[in-house]
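The exercises below each set a task and then work through a solution step by step. Please keep the sequence and the coordinates at hand while following them.

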Amino acid sequence: MKVTNHKTLWALLGSIIISSNAMAQEKPNIILLYADDISARELPIYGSTVWSPPKGGNSSDIQYRAKTPVLNQLAEEGCYIKTAWAATICGPSRAMMMTGRYAHLHKWWHNKDKGKAPDGKGSWNLYDSSPHSIANVAKAGGYATFWAGKTQMNIEGFAFDEGCFTPGEGSYNKAIHTTDFRLETRKVNGKKKIFNADTNKEIHKKSYVQSGWYWKPHVQLMNHPGTNKKLVWWPNTKKAKKEFGLNTFGPDVELDFIFEFMERKQKEGEPFFVYHTSHLGHDAWDFLHPGSGNKWPGTPKINWDGTKYSRIEPHITGDKGVYNTHGTVTESGIHHHINYLDYQVWQYINKLKELGIENNTIFIFCADNGTSGYGKSSPISQKGTHVPLIIYAPGMHMTKKGLQDVLVNISDMLPTIADIAQVEIPDSYEINGESLLPFLTTDKKTHRNWIYAYHKETQIVRGNLVLKDGNNVWYDVSRTPEDLISFPKITDWGKVSQAHRKERDELLRVIPQYDLHETAHDAPVNGIGPVTPLILKK
């Protein structure tokens, strides 16, 4: 699908500009907060009666439901999408977000199933398969760009101006001088085994090599002002080195550097695009409780008093796997991660107000795939694909408010940002997403007729009436069940309506153009050839 040139939208976008602020820019700032492994069902606004308990799986115990007063308010004052889809696992979903394209083009079929580069050496980099990435689109629109958090891909060829990465490039299975919170492989009697570098003990429980990104994190800065290298490890100043330690929480560090960037760009009168790929929501090794088997490490404790958040300053003591949090860190659980995201969104909104740019900023909250232990990497129904999507833009003339019963794909974010930035994507360059801006700012009733996802070699697709999952099971999705996924299976097409059968046939016609895992798994031998550049719309 192509980005449509809607000339009438630019007049509507003009209402984003703050007339009372002399520093107001012609284009709104954009913040895209992309959380990790969080199903739509985990957010209270989606009304699910089931969510994930601390060990993973399913629970209806109210103590495990997240509390998100700020996201609730943004969803109601802005809008939120009932059915937004990503891919079933993080790598392909992030590829979809970064490129606005599906796997038949970028070749990231699954985390460990990626198409080879044209030379046959290694997997194909996203910036090579899809040079008009989300960063390039924002840059073409005149935006200063910042990428914070999780990368999960080679960052070298993306056009972000600055970044704060947790963990940084090159810390995978390697020691860095700032922290020993990592799981690493070592050879013992010729066999690879995983060790906790903090305790120097072998890990016998199922886990994987990882650098710490929550407590005492591996943090790397990219192109940070005052540094003379592209990438530097943080802490890199006397003050930061003095403060860094067990009480340092990676998501806090990310936000500090994001806010510093926002402040600088606001002073310079330059619109900014923040791509915040938070780890919050992702399970990880709990270095503070190495023998616990915790799925989600705790976060700093926070409290909502009905109008504002307060945060208890972490006080953690100990060393080499024996730690005392002194009651300042929560128990394990994804609900605590979501609560902390809500706290960070509150911080975002406060910072926008402080800078006088809340009405000149578009804030988007979404996630990359279903919750670990429930939907992540699942091709069943929409367990792996159904994610939250909230859009808050108080200064924009939005004609939609609250819950929107429409279909949206994560690939839609890139062309939406292109429309906001007034960037023209050439017709010769295939984009699979469709801009949301016409739906958000006009009387358009629907967004798309179908949405698509992928899981390795399988295709997942749905419309408003029927869904085909990765196991080729069909469902009647005309009504939404309480758990958001237990749709009735269709085993006899004679017992559903003609409209259901018609939509099934339409979806079956969609699939072949993307079902290229077997026939075009890898990059074209000669790459993609010349690409027409992006241009600003007139």
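**Exercise 1.** Which residues does aspartate 37 touch, not counting residues up to four places away in sequence?

Solution. The model is a predicted one, and the steps below rest on its coordinates. Begin with the position along the chain: aspartate 37 lies in the loop between strand E1 (29-35) and H2. Next consider solvent exposure, where a relative accessible area of 0% puts aspartate 37 among the buried residues, the cut-off being under 20%. Leaving aside residues up to four places away in sequence, the contacts of aspartate 37 are Gly281, His282, Ile334, Asp368, Asn369, Gly370, Thr371, Ser372 and Lys376. Finally, look at the polar contacts between side chains: aspartate 37 is joined to asparagine 369 by one of 2.8 Å, and to lysine 376 by one of 2.9 Å.

**Exercise 2.** Identify the buried residues of helix H2 and decide how they are arranged about its axis.

Solution. Helix H2 covers residues 69-77, and its buried residues are Val70, Leu71, Leu74 and Ala75. Viewed down the axis of H2, these buried residues fall within an arc of 135°, and therefore they line one face of the helix.

**Exercise 3.** Work out the order and the pairing of the open sheet that contains E7, E8, E9 and E10.

Solution. Strands in a sheet pair through backbone hydrogen bonds, in either a parallel or an antiparallel sense. Here the open sheet has 4 strands in the order E9-E8-E7-E10, with antiparallel pairing; strand E9 (201-202) and strand E10 (210-211) are the edge strands, each pairing on one side only.

Now take the pairs in turn:

- Strand E7 (residues 182-188) pairs with E10 over 2 bridges in the antiparallel sense, and leucine 183 stands opposite glutamine 210 in E10.
- E7 is joined to strand E8 (residues 191-196) by 6 bridges, the two running antiparallel, with glutamate 184 opposite phenylalanine 195 in E8.
- E8 and E9, which run antiparallel, are joined by 2 bridges, and asparagine 196 stands opposite lysine 201 in E9.

The last step concerns the turns. The hairpin of E7 and E8 has 2 residues between the strands, and asparagine 189 in that turn has a positive phi of about 55°. In the hairpin of E8 and E9 there are 4 residues between the strands, and asparagine 200 takes a positive phi near 60°.

**Exercise 4.** How many disulfides does a search of the whole structure find, and why is the sulfur of cysteine 90 without a bond to cysteine 366?

Solution. The search finds 0 disulfides. For cysteine 90, the closest cysteine sulfur is that of cysteine 366, and because it is 14 Å away, it is too far for a bond. For cysteine 366, the closest cysteine sulfur belongs to cysteine 79, and at 12 Å this is again too far for a bond. As for accessibility, cysteine 90 counts as buried at 2%, and cysteine 366 is buried at 0%.

**Exercise 5.** Assess the overall dimensions of the protein chain from its radius of gyration and its C-alpha trace.

Solution. The protein chain holds 12 helices and 27 strands. Its radius of gyration is 23 Å, close to the 24 Å that the globule rule gives for 538 residues, so the chain is as compact as a globular protein of that length. Along the principal axes, its C-alpha trace spans about 65 × 60 × 55 Å. Of the 538 residues, 61% count as buried, and among contacts between residues at least 6 apart in sequence, 73% join residues at least 24 apart.

Methods. Residues numbered from 1 in each chain as written. Predicted model: local features only at pLDDT ≥ 70, side-chain atom pairs only at ≥ 80, totals over all residues. Heavy atoms only, no water. Buried < 20%, exposed > 50% of the residue type's maximum accessible area, 1.4 Å probe, protein only. Arc of directions from axis to C-beta. Pairing = 2+ DSSP bridges. Polar contact = N/O pair within 3.5 Å; in protein donor to acceptor, adjacent residues only side chain to side chain. Contact = heavy atoms within 4.5 Å. Disulfide = S-S within 2.5 Å. Rg over C-alpha atoms; globule rule 2.2 N^0.38 Å.
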